[in-house]
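Me: I would like to go through this model by question and answer. Please keep it brisk.

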Amino acid sequence: MFVQLRRMTVAKGHADQVIERFSKPGIIEQQEGFVDIKIMQKKQGRGEEEVIVMITWESETHWKQWEKSDVHIAGHKANRGKSKPDYMLNMELGMYEVKAVKKAAGKAEISE
């Protein structure tokens, strides 16, 4: 399995906008090898807010197919030249290969 992780820091009061954007139905859910998207908001009392979006693929190959697909590229071209929202303070992007998953029953699965 392969995971793309986006860690976004946004101005206070704007996490819901980011969550809504990534929660909407889209074409990614129809792509071969797509597993799921997890959207998480960090629990904090004040100040900046943090949202993490974790997109899981069956393999790095499936993710690369998505990245190179016409629909993915068209989506990025449509946003080219647009400035990021003022409330978006920082975004970090990371790619991870899943090495093990521990299930509730206590069994570990090794990804190859």
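Reply: Contact here means heavy atoms within 4.5 Å. The model is a predicted one.

Me: Which residues of helix H2 does tryptophan 57 touch, leaving aside residues up to four places away in sequence?
Reply: H2 covers residues 60–68. The partners of Trp57 include Met1, Phe2, Ile28 and Phe34, which lie outside that range. Those within H2 are His62, Trp63 and Trp66.

Me: Are His62, Trp63 and Trp66 buried or exposed, and how are they placed around H2?
Reply: His62, Trp63 and Trp66 are buried. Thr61 and Lys68, on the other side of H2, are exposed. The cover over the buried residues includes strands S1, S3 and S4 and helix H3. Down the axis, the buried residues fall within an arc of 100°, so they line one face of the helix.

Me: Which element gives the most residues to the largest nonpolar core?
Reply: That core has 16 residues, and Met8, Val18 and Trp57 have the most contacts inside it. S1, H1, S3 and H2 each give two or more residues. The top contributor, with four residues, is S3.

Me: Why does serine 69 count as buried?
Reply: Serine 69 sits in the loop between H2 and H3. Buried means under 20% relative accessible area. Serine 69 counts as buried because its relative accessibility is 14%.

Me: Which backbone oxygen does the side chain of serine 69 reach?
Reply: Glutamate 97 is no candidate to dwell on: its C-alpha atom is separated from that of serine 69 by 21 Å. The side chain of serine 69 reaches, at 2.8 Å, the backbone oxygen of tryptophan 66.

Definitions and conventions: Residues numbered from 1 in each chain as written. Predicted model: local features only at pLDDT ≥ 70, side-chain atom pairs only at ≥ 80, totals over all residues. Heavy atoms only, no water. Buried < 20%, exposed > 50% of the residue type's maximum accessible area, 1.4 Å probe, protein only. Arc of directions from axis to C-beta. Core = buried A, V, L, I, M, F, W, Y, C linked by side-chain atoms within 4.5 Å. Polar contact = N/O pair within 3.5 Å; in protein donor to acceptor, adjacent residues only side chain to side chain.
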